[in-house]
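Subject: Model for you to look at

Hello,

Here is the structure I said I would pass on. Please have it open while you read the notes below.

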Amino acid sequence: MASSIFKSITFHSNSHSHFTRYPRNITKSNLVCHSPEPKLVITGGLTLSGHVSISGSKNSSLAILASTLCCSGTCKLNNVPDISDTQIMCSILISLGAKTEVYNGETVVNTDGVGSVEPCLDEMKKIRGGFFMMGPLLARFGEAVVGLPGGCDIGARPVDLYVDGFRALGAVVEIRNGKVQAYAANGRGLVGAGRFHLGYPSVGATETLMMAACLADGVTVLTNAAQEPEIIDLADFLNDSGASIEGAGTDKIIIQGKSHLHGSECTIRPDRMEAGTFVLAAAITRSHILVSPVIPSQLLLLMNKLRAAGCRVTQHSHDTLEISAVCANNEDNLQGFDVKTGPFPGFPTDLQPQTMALLTTCNGSSVIQETVFEKRMSHAHELCKLGARIEVCGSRALISGKNHGSCLRGHHVRATDLRGGMALVLAALAAEGTTEISGVAYVDRGYENLEAKLRGLGADVRKFDSFASMPALHPHCRNTS
Ligand SMILES: CC(=O)N[C@H]1[C@@H](OP(=O)(O)OP(=O)(O)OC[C@H]2O[C@@H](n3ccc(=O)[nH]c3=O)[C@H](O)[C@@H]2O)O[C@H](CO)[C@@H](O)[C@@H]1O
Ligand SMILES: C=C(OP(=O)(O)O)C(=O)O
């Protein structure tokens with residue numbers, strides 16, 4: 001890993017890049033540590049109670065960390081969650097020559113020393129957000145050589161919309177050997193694209209093109225833009241740094257390019273996916289908890305679905321949700337419901353797997369239709385190992401509720417992506433007996449202090465670094481990985 005971090009590229013305003021190598025002061029704390037594969041062991045059936053604190057948004061943090069490459073001077077970001085995705089993002093910034101440090105929970109980034117436009121390829125493969133850096137690199141330095149992104153394996157996840165957008169901003173772009181290479185065609189810098197219509201409201205493409213357009217010469221109007229709350233978070237940060245962006249949060253974003261942006265400060269808003277996951281944890285365990293801080297308007301669809309199912313979801317104060325799924329007279333009668341995911345303000349695909357886990361415990365049958373990612377159903381197979389009855393046909397799943405054959409019991413299961421992994425955690429909380437979950441690194445990508453937060457609510461959750469340190473489990477938890 002070290003050698004690829006040391007790899008760098010010097011700046012040229014044409015396509016002939018000249019590679020040089022030079023060392024950087026990377027401390028051990030800046031690098032992600034790979035320990036033996038950890039497992040979560042959860043004994044289910046307990047009721048949760050109390051309050052859980054929600055961390056800063058993963059997706060806002062990733063976009064805003066990338067956008068620090070647009071800014072001269074120091075940026076101070078409060079409330080960045082300490083999860084592996086943000087650690088990797090910082091390590092990619094460091095591979096470019098940026099300085100990142102964490103003081104008292106504040107992430108301080110200064111990108112003035114950037115001496116490379118080629119982020120560390122090995123790190124790029126681990127997350128999706130690293131690719132967002134292509135926009136600011138191209139805009140500020142006129143050139144970028146960025147590896148195709150990683151992230152959860154939930155679909156093909158191409159980058160065609162980004163590439164079309166870069167071309168509209170005056171870049172020459174080529175994809176070769178797993179890397180996207182681009183430079184400003186005029187040898188000086190990007191130019192405003194005029195109107196650029198996104199064929200799909202991609203979150204990452206909207207964010208990346210917004211960052212690039214901030215430093216382009218002229219006006220760019222993005223139409224059919226993504227409207228996710230994280231786009232607003234990014235636009236607010238960039239505007240505070242001197243950018244001119246109007247319309248973020250709608251499908252038309254107007255960006256007037258500026259010659260440079262300065263550093264600024266922001267506090268990352270709460271993670272709506274983490275909040276939604278804890279609300280679903282209360283529902284699946286038929287519990288009563290408080291969740292804060294949240295922005296309730298970001299979770300309206302989930303709240304309405306849960307109310308229709310029979311849960312009581314109330315806004316306790318401006319940033320606190322109270323959820324109660326406790327059964328009256330011990331009669332468990334939560335009803336199943338149908339879900340179709342879609343871009344914001346549609347039902348979030350990042351809460352689909354956790355919702356599927358809940359539906360296995362409700363009455364009746366439910367249908368989930370996943371429209372955002374074509375391969376986001378692999379958790380269904382693992383949920384079936386826990387006793388769920390789910391039939392998947394393409395991007396649709398038919399979930400038979402608990403009075404139609406689903407009955408969750410502890411087993412050994414494997415997470416293969418972030419939210420699918422959380423679906424297994426939620427199912428394990430509701431299952432009878434003990435569940436062992438491997439592939440926990442996926443869950444660590446997006447949930448800060450997960451075990452501590454769940455234990456704080458009264459769940460029986462333990463994390464083990466390896467089998468050797470684990471207690472003996474029920475035989476069927478051991479033998480079927
Ligand atoms: C780091 C981050 O913010 N990740 C979020 C972001 O991912 P990400 O930005 O990758 O998601 P997109 O909105 O881009 O992807 C949505 C769909 O568009 C397709 N597409 C995207 C780009 C492109 O150039 N061509 C193309 O066809 C994708 O394959 C996918 O089917 O939004 C997703 C959708 O809300 C969330 O699930 C992810 O948590
Ligand atoms: C799909 C997700 O993340 P990423 O885009 O970073 O892979 C997610 O957060 O559920």
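I start with helix 10 (residues 300–309), where Leu302, Lys305, Leu306 and Ala309 are buried. A residue is called buried if 20 or more other C-beta atoms lie within 10 Å of its own, exposed if 12 or fewer, and partly exposed in between, with C-beta atoms placed from the backbone. Helices (H or I, at least four residues) and strands (E, at least two) are DSSP runs numbered from the N terminus. The buried residues of helix 10 lie on the same side of it, because they cover an arc of only 95° around the axis; the arc is that of the directions from the helix axis to the C-beta atoms. Leu300 and Ala308, on the other side of helix 10, are exposed. The cover over the buried residues includes helix 9 (272–284), strand 19 (312–317) and strand 21 (339–340). Contact here means that the C-beta atoms of two residues, placed from the backbone, lie within 7 Å. Gly310, just after helix 10, has a positive phi of about 120°.

On provenance: this is a predicted model, in which local features need pLDDT of at least 70 and side-chain atom pairs count only at pLDDT 80 or more, while totals for chains, interfaces and linings use all residues. Residues are numbered from 1 along each chain as its sequence is written, and chains are lettered from A and ligands numbered from 1 in the order in which they are written.

Overall, the protein chain has 16 helices and 27 strands. Of its 481 residues, 53% are buried. Taking contacts between residues at least 6 apart in sequence, 73% join residues at least 24 apart.

Helix 5 (residues 134–141) is largely enclosed by the rest of the structure, because eight of its eight residues are buried. They are Met134, Gly135, Pro136, Leu137, Leu138, Ala139, Arg140 and Phe141. Among the elements that cover them are helix 2, strand 9 (143–147), helix 6 (160–168), strand 10 (171–176), strand 11 (179–184) and helix 7 (203–214). Just after helix 5, Gly142 takes a positive phi of about 80°.

Two helix pairs are worth describing. Helix 2 (residues 58–67) packs against helix 8 (residues 229–240) at an angle of about 30°, with the axes 9 Å apart. That angle makes helix 2 roughly parallel to helix 8. Axes are lines fitted to C-alpha atoms, for helices over the stretch in contact, and angles run from 0 to 180 degrees between N-to-C directions. Angles under 35 degrees count as roughly parallel, over 145 as roughly antiparallel, 65 to 115 as roughly perpendicular and the rest as oblique. The crossing of helix 2 and helix 8 is right-handed (the near helix is turned clockwise from the far one by less than a right angle; anticlockwise would be left-handed). Helix 2 contributes Asn59, Ser60, Ala63, Ile64 and Ser67 to the contact, and helix 8 contributes Glu230, Asp233, Leu234, Phe237 and Leu238. By class, this contact has five nonpolar, three polar and two charged residues. Ala, Val, Leu, Ile, Met, Phe, Trp, Tyr, Cys and Pro count as nonpolar, Asp, Glu, Lys and Arg as charged, and the others, Gly among them, as polar.

In the second pair, the axes of helix 11 (residues 352–359) and helix 12 (residues 378–385) come within 10 Å and cross at roughly 30°. Helix 11 is therefore roughly parallel to helix 12, and the crossing is right-handed. Pro353, Met356 and Ala357 of helix 11 meet His379, Ala380 and Leu383 of helix 12. This contact has five nonpolar residues, one polar and no charged.

Some backbone details remain. A cis peptide bond joins Ser292 and Pro293, with omega about -5°; Pro293 is in the loop between strand 18 (288–292) and helix 10. Another cis peptide bond joins Phe344 and Pro345, with omega about 10°, and Pro345 is in the loop between strand 21 and helix 11. Asn79, a residue other than glycine, has a positive phi near 70°. Asn79 sits in the loop between strand 6 (74–78) and helix 3 (84–96).

Regards
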